[in-house]
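The following exercises are to be worked with the sequence and the coordinates at hand. Each task is followed by a solution in steps.

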Amino acid sequence: MLEQDKHILLETGAFIHSAINEDLKGRLNELQTRFPPEPGGFLHIGSAKAVYINFEMAKIYGGKCNLRMDDTNPAKEELEFVHAIQDEIRWLGYDWGDRLFFASNYFEQFYGFAVRLIEKGLAFVCDLSADELRASFGGIDKAGVDSPYRERSIEENLDLFTRMRNGEFPDGSKTLRAKIDMASSNLNMRDPVIYRIARKTHSNTGDKWCIYPMYDFAHPLGDAIEGITHSLCGLEFVDHRPIYEWYVNNVGFEKKPRQIEFAEISVSNTVLGKRHLRKLIAEGKADGWDDPRLVTIMGMRRRGYPPSAIRDFLGNAGVSTAKNNTVEFAMLEHFVREHLAPISKVVMVVLNPLKVVIENFPDGETEMLSIDGRDVPFCREIYVEREDFMEEPVKKFFRLAPGKEVRLKGAYFVTCTGVEKDAQGNVTEIRCTYDPATKSGTGIEPPRKVKGTIHWVSAKHVVPLKAMLYDTLVVDTEDGEQAENPNSLVVMPDALGEPSIADAVLDDRFQFMRNGYFCLDSKSEGLVFNRIVSLKSSYKPQ
């Protein structure tokens, strides 16, 4: 991490640093963090913030960050997600070394911890159905009701829990619950479920288990087993902190992790919730989890965002405890441009071609021009952007128009002498003349200037390609809702590029002159380019 980034994180995450510094002066010698995803889906920009904070904090303090799959729910978890999450974190620029762990590898220990709670009179087997259990919890303004099975003896609970493990009871017929306080103002402390019966094949343990620990039980104990010193997590876990600490304390760990919460990031004009993302994909409104219009890690990667830009964005977005931490999408695009500018090859590509015939240029002749250090062919017939011509120009239109002169980038001045149209009156071809004395880089005598410079490609040497112009999939409305963006994807199927574009490879980044930054699409065959970001920015850095 750059010193500048470290400084940003130290400033924006001051409340986290204060707690860590306090602990390192007292009870701890080394910082140990972790990123604990549930492998039931792919990561997005919100997940990336948690990755960033946990790994970067470990770097700052010379500590370590584990990667742990909190795989306690076999109904939703798949190996595909396990592998994808690892790949996505590596792409973001982080490495956990040999510290990849799985909560499922601790299942035997978790079971032992549950037995310990039963032996201490702090857990009981409950026979309430799911609906009865839900009703018994009460509400915010209504206390819960004790289970009629709450006072079972320790011996009976141990026997029933053993039989639950042995598969003697149907799915959902019994649960193991902590015995805390059904009148607690915190609903998470109202005798929460610790284990449920579920005959589901697990991606890591197969069919060895028919009972599985709940996330709120396994998560803190997984942290404690691994010696995690600080659990850095989102604000949604604030209300879970008492149960986190209750489990760690009552199981009997001497070294206890400290949970510190930060605000999750929200980016304007985006969809982050996995449920909403799944819905968009299922309805065909998004082309899978790697749709370039999504801010999933896969989507941003396919679109061409540099991982360094994402890290820079996350660092500058800040770390706070404010719940409404919405960041403008334009800010993300700003950092993408900042990182693309120095690494992108500038080329000329015409997205919406209009043919130009230079009447006084020798027919059949090709002239090689040096433009920004590369050779580009120039001939009698070229293509320009259709938007660079206007038959009846409006005020301050300084590009091609009848009788008007413009500079062709790196080439000559040309003047429009006429147009050709089809039967519907659409302009199909522009006729021009060029001034041989205006060749770029040679000096013009007598000196004269034109206000407009446009890019072009040689008709005889063009490389056909397709350009995908992406925007956000949704837009935020004034009433706080989101609406579909009808312009989230504009396809330019007949784009034409200069010859050098034919050699493009997947890792290349290009600036299509005046049209934005582009890269090859990783899922398409042939020359299909994604626009990563436009050249213009509405974001003003603070």
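A residue is called buried if its relative accessible area is under 20%, exposed if that area is over 50%, and partly exposed in between. The model treated here is a predicted one.

**Exercise 1. Helix 2**

Task: Determine which residues of helix 2 are buried, and establish how they are arranged about the helix axis.

Solution.
Step 1. Helix 2 covers residues 14-25, which is 12 residues. From its first C-alpha to its last it reaches 16 Å, close to the 16 Å expected at 1.5 Å a residue.
Step 2. With the cut-off above, the buried residues of helix 2 are I16, H17, A19, I20 and D23.
Step 3. Viewed down the axis of helix 2, these buried residues fall within an arc of 165°, and therefore they line one face of the helix.
Step 4. The face turned away from the buried side carries the exposed residues E22 and K25.

**Exercise 2. A pair of helices**

Task: Classify the packing of helix 12 against helix 13 by angle and by the hand of the crossing.

Solution.
Step 1. Helix 12 comprises residues 307-317 and helix 13 comprises residues 329-340. They pack at an angle of about 135°, with their axes 8 Å apart.
Step 2. Angles over 145 degrees count as roughly antiparallel, and those from 65 to 115 as roughly perpendicular. The angle of about 135° makes helix 12 oblique to helix 13.
Step 3. The crossing in which helix 12 passes helix 13 is right-handed.

**Exercise 3. A hairpin**

Task: Describe the pairing of strand 15 with strand 16, the turn between them, and the two faces of strand 15.

Solution.
Step 1. Strand 15 (residues 366-371) and strand 16 (residues 374-379) pair in the antiparallel sense over 6 bridges. In strand 16, P377 is the bridge partner of M368.
Step 2. The two strands form a hairpin with 2 residues between them. In the turn, D372 has a positive phi of about 55°.
Step 3. The side chains alternate along strand 15. E367, L369 and I371 point to one face and are buried, whereas T366, M368 and S370 point to the other and are not.

**Exercise 4. An open sheet**

Task: Give the strand order of the open sheet formed by 7 strands, identify its edges, and examine the pairing of strand 18 with strand 19.

Solution.
Step 1. The order is 21-18-19-20-14-17-22, and the pairing is mixed.
Step 2. Strand 21 (453-454) and strand 22 (457-458) are the edge strands, each of which pairs on one side only.
Step 3. Strand 18 (residues 405-408) pairs with strand 19 (residues 413-421) in the antiparallel sense, over 3 bridges. The bridge partner of R407 in strand 19 is F413.

**Exercise 5. Strand 23 and two of its pairings**

Task: Is strand 23 largely enclosed or not, and in which sense does it pair with strand 26 and with strand 29?

Solution.
Step 1. Of the 8 residues of strand 23 (residues 463-470), 6 are buried, so the strand is largely enclosed by the rest of the structure.
Step 2. With strand 26 (residues 489-497), strand 23 pairs in the antiparallel sense over 7 bridges. Here L465 stands opposite A495.
Step 3. With strand 29 (residues 528-533), strand 23 pairs in the parallel sense over 3 bridges. A467 has F529 as its bridge partner in strand 29.

**Exercise 6. Positive phi outside glycine**

Task: Locate N269 and R514, and state the phi value of N269 and of R514.

Solution.
Step 1. N269 lies in the loop between strand 10 (266-267) and helix 10 (274-282). Its phi is near 60°, a positive value in a residue other than glycine.
Step 2. R514 lies in the loop between strand 27 (510-512) and strand 28 (516-520). Phi of R514 is near 70°, a positive value in a residue other than glycine.
Step 3. N269 counts as partly exposed because its relative accessibility is 22%. R514, with a relative accessible area of 35%, is partly exposed.

**Exercise 7. Sequence separation and distance**

Task: Report the C-alpha separation of A123 and I180, and that of M348 and G139.

Solution.
Step 1. A123 is in strand 4 (residues 123-126) and, at 3% relative accessibility, counts as buried. The C-alpha atoms of A123 and I180, 57 residues apart along the chain, are separated by 8.4 Å.
Step 2. M348 is in the loop between strand 12 (345-347) and strand 13 (349-350) and, at 0% relative accessibility, counts as buried. The C-alpha atoms of M348 and G139, 209 residues apart along the chain, are separated by 63 Å.

Terms used. Residues numbered from 1 in each chain as written. Predicted model: local features only at pLDDT ≥ 70, side-chain atom pairs only at ≥ 80, totals over all residues. Heavy atoms only, no water. Pairing = 2+ DSSP bridges. Helix = DSSP H or I, 4+ residues; strand = E, 2+ residues; numbered from the N terminus. Expected span 1.5 Å × (residues − 1). Buried < 20%, exposed > 50% of the residue type's maximum accessible area, 1.4 Å probe, protein only. Arc of directions from axis to C-beta. Axes fitted to C-alpha atoms, helices over the stretch in contact; angles between N-to-C directions. Parallel < 35°, antiparallel > 145°, perpendicular 65-115°, else oblique. Left-handed = near helix turned anticlockwise from the far one by under 90°.
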